[in-house]
Amino acid sequence: MLVLNCSTKLLILEKMLKSLFPQSLKVYGAVMNINRGNPFQKEVVLDSWPHFKAVITRQKKEAETDDLDHYTNAYAVFYKDVKAFRGLLEECDVINWDQVFQIQGLQSELYDVSKAVADSKQLDVKLTSFQAVRFSPTSSLPDTSIVKSSPPRLTYLSVAEADLLNRTWSRGGNEQCLRYIASLISCFPSVCVRDDKGNPISWSITDQFATMCHSYTLPEHRRKGYSRLVALTLARKLQSRGFPSQGNVLDDNVASIGLLKSIHAEFLPCRFHRLILTPAAFSGRVYL
C-alpha cells in the first residue's frame, strides 16, 4: 500500500485517470477535488507508483467522521487488475471495517470482490446499481427563457436549505444525510430555481466524486422545463471548471431517463455500483 501525498504525483495521476474513462470517472472526480483544495479531506491509496494496478480514494485518517455516516465514509475504486484491488481491500490499514461505509465504482467485479472480503469480516453488503451517464460538452448557456421574468429565477443553493434536500432525497431523512448535504452545498457547485418567495422549487447538487446528484423538482412545479434547465446549467458549470459532468440514474426512473435522452446525455457502457457495508455492531441502526 502506498499513500500518494505528493501534489505533483497527484496531478500526474489525474491525467492518467483521464485517459482511462469511463471506468475511472469516480476516482478521477475525487482526485480532481483533492487537487483543487481537497474540501472533503480525501487521500489516495495505490498498490504501487507510477505503474499502479489499483487505486482507492478515502477519507484521511485524521478527518473526523461519524461511524454511522456512510455518506461521508465513502471510497471510490478503480483498478486495472482485479487481484490488485482485492489485495488493497485485504491490507489491514486501507479500509476502516469498523464503521458503516460505501464503496463506489464503475467496474463489474466491484461487488463480488468487495462482498467476498466483507463476508470474511462479517459485514452486510447492500448493492445498488445504476445506469451511468455523462453530459455532452456545452459551449453555450442553456435556454433560460423560462426564468427571464421574475419569478422564477435561476440561482444556487445555500446551506440553510440542506434540510429541504434531506427531506426530499430518497436516500435522506436522517442526521448524517443532513450534515452531508450541507457539506456538499458549501463545497461544490449547485443550481436551483426559486419561486416568487425565494424558495427552491427545482435543484441539483454535486457530490464528493464530482457527480451530479439529488436532482429534484417539487411535484407541483414539474413539467415546466425546470429539471432540464437545472441539469444543463449544472453540467455547464462543472465543465467550465474542467470537471466531467457525470450522473447516475436508476433503471426504473423513467422520467429522468427520458429527460437525459432529451438533452442528449451519453449513457455509458459501464454501470455505476454503490455498495453500502455495515458491520454487525451497527445492524438496524443505519439509514440505507
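Which residues does Ser114 touch, not counting residues up to four places away in sequence? I began my notebook with this question, keeping in mind that the model is predicted.

**Entry 1: Ser114 and helix H4**

I found Ser114 in helix H4, and I listed its contacts as Phe85, Leu89, Ile103 and Leu275, leaving out residues up to four places away in sequence. Next I looked up whether Ser114 is buried or exposed. Its relative accessibility is 0%, and because buried means under 20%, Ser114 counts as buried.

**Entry 2: helix H3**

Two of the names on that list led me to helix H3, which spans residues 82-90 and in which Ala84, Phe85, Leu88 and Leu89 are buried. I then asked myself why these residues sit on the same side of H3. The reason is that they cover an arc of only 145° around the axis, which puts them on the same side of the helix. I added a general reminder that an α-helix has 3.6 residues a turn, so residues three or four places apart point the same way.

As for what covers the buried residues of H3, I noted that the cover includes strand E2 (42-46), strand E3 (54-59), strand E4 (74-79), strand E5 (101-105) and helix H4 (110-120). At the start of H3 I also looked at Asp81, where a side-chain oxygen reaches to within 2.8 Å of the backbone nitrogen of Lys83.

**Entry 3: strand E12 and its partners**

I turned to strand E12, residues 266-279, and wrote down that it is mostly covered, since 10 of its 14 residues are buried. Strand E5 runs antiparallel to E12 and is joined to it by five bridges, and within this pairing I found that the bridge partner of Phe101 is Leu277 in E12. Strand E6 (residues 123-134) also pairs with E12 in the antiparallel sense, over 11 bridges, and here Lys126 stands opposite Ile276.

In strand E6 I picked out Leu127. At 36% relative accessibility Leu127 counts as partly exposed, and it touches Tyr111, His273, Arg274 and Leu275 when residues up to four places away in sequence are not counted. I also checked Leu127 against His214, which is 87 residues away along the chain, and found their C-alpha atoms separated by 19 Å.

**Entry 4: the sheet of E7 to E10**

In what order do the four strands of the open sheet lie? I read the order as E7-E8-E9-E10, with antiparallel pairing. The edge strands are E7 (153-155) and E10 (212-217), each of which pairs on one side only, and the twist averages 10° from one strand to the next. For my own benefit I wrote that strands of a sheet pair through backbone hydrogen bonds, either parallel or antiparallel.

Looking closer at one pair, I saw that four bridges join strand E9, residues 200-206, to E10, and that Trp203 has Tyr216 in E10 as its bridge partner. Helix H7 (residues 226-240) packs on this sheet and touches E7, strand E8 (190-194), E9 and E10, while its direction makes about 30° with that of E9.

I then compared my notes with the UniProt record, an unreviewed entry, whose annotation "domain: Glycine N-acyltransferase C-terminal" covers residues 192-279. In the model this span is 27% helix and 39% strand, and its end C-alpha atoms lie 37 Å apart.

**Entry 5: backbone details in the loops**

Before going through the loops, I noted the general rule that most residues other than glycine have a negative phi, and most peptide bonds are trans. The peptide bond from Phe21 to Pro22 is cis, with omega near 0°, and Pro22 lies in the loop between helix H1 (7-18) and helix H2 (25-34). Trp49 and Pro50 are likewise joined by a cis peptide bond, with omega about 0°, and Pro50 is in the loop between E2 and E3.

For phi, I looked up Ala210, which is not a glycine and yet has a positive value of about 60°; this residue is in the loop between E9 and E10, and at 1% relative accessibility Ala210 counts as buried. His264 also has a positive phi, near 60°, and lies in the loop between helix H8 (254-262) and E12. Is His264 buried or exposed? At 61% relative accessibility, I recorded His264 as exposed.

How values were computed:
Residues are numbered from 1 along each chain as its sequence is written. This is a predicted model: local features need pLDDT of at least 70, side-chain atom pairs count only at pLDDT 80 or more; totals for chains, interfaces and linings use all residues. Side-chain values use heavy atoms; hydrogens and water are left out. Two strands pair if DSSP finds at least two bridges between them. Axes are lines fitted to C-alpha atoms, for helices over the stretch in contact, and angles run from 0 to 180 degrees between N-to-C directions. Contact means heavy atoms within 4.5 Å. Buried means under 20% relative accessible area, exposed over 50%, partly exposed in between (1.4 Å probe, protein chains only). The arc is that of the directions from the helix axis to the C-beta atoms. A polar contact is a pair of N or O atoms within 3.5 Å; within protein, one must be able to donate a hydrogen and the other to accept it, and residues adjacent in sequence count only if both atoms are side-chain atoms. UniProt positions are given in the numbering used here, feature names are shortened, and annotations may be inferred rather than shown by experiment.
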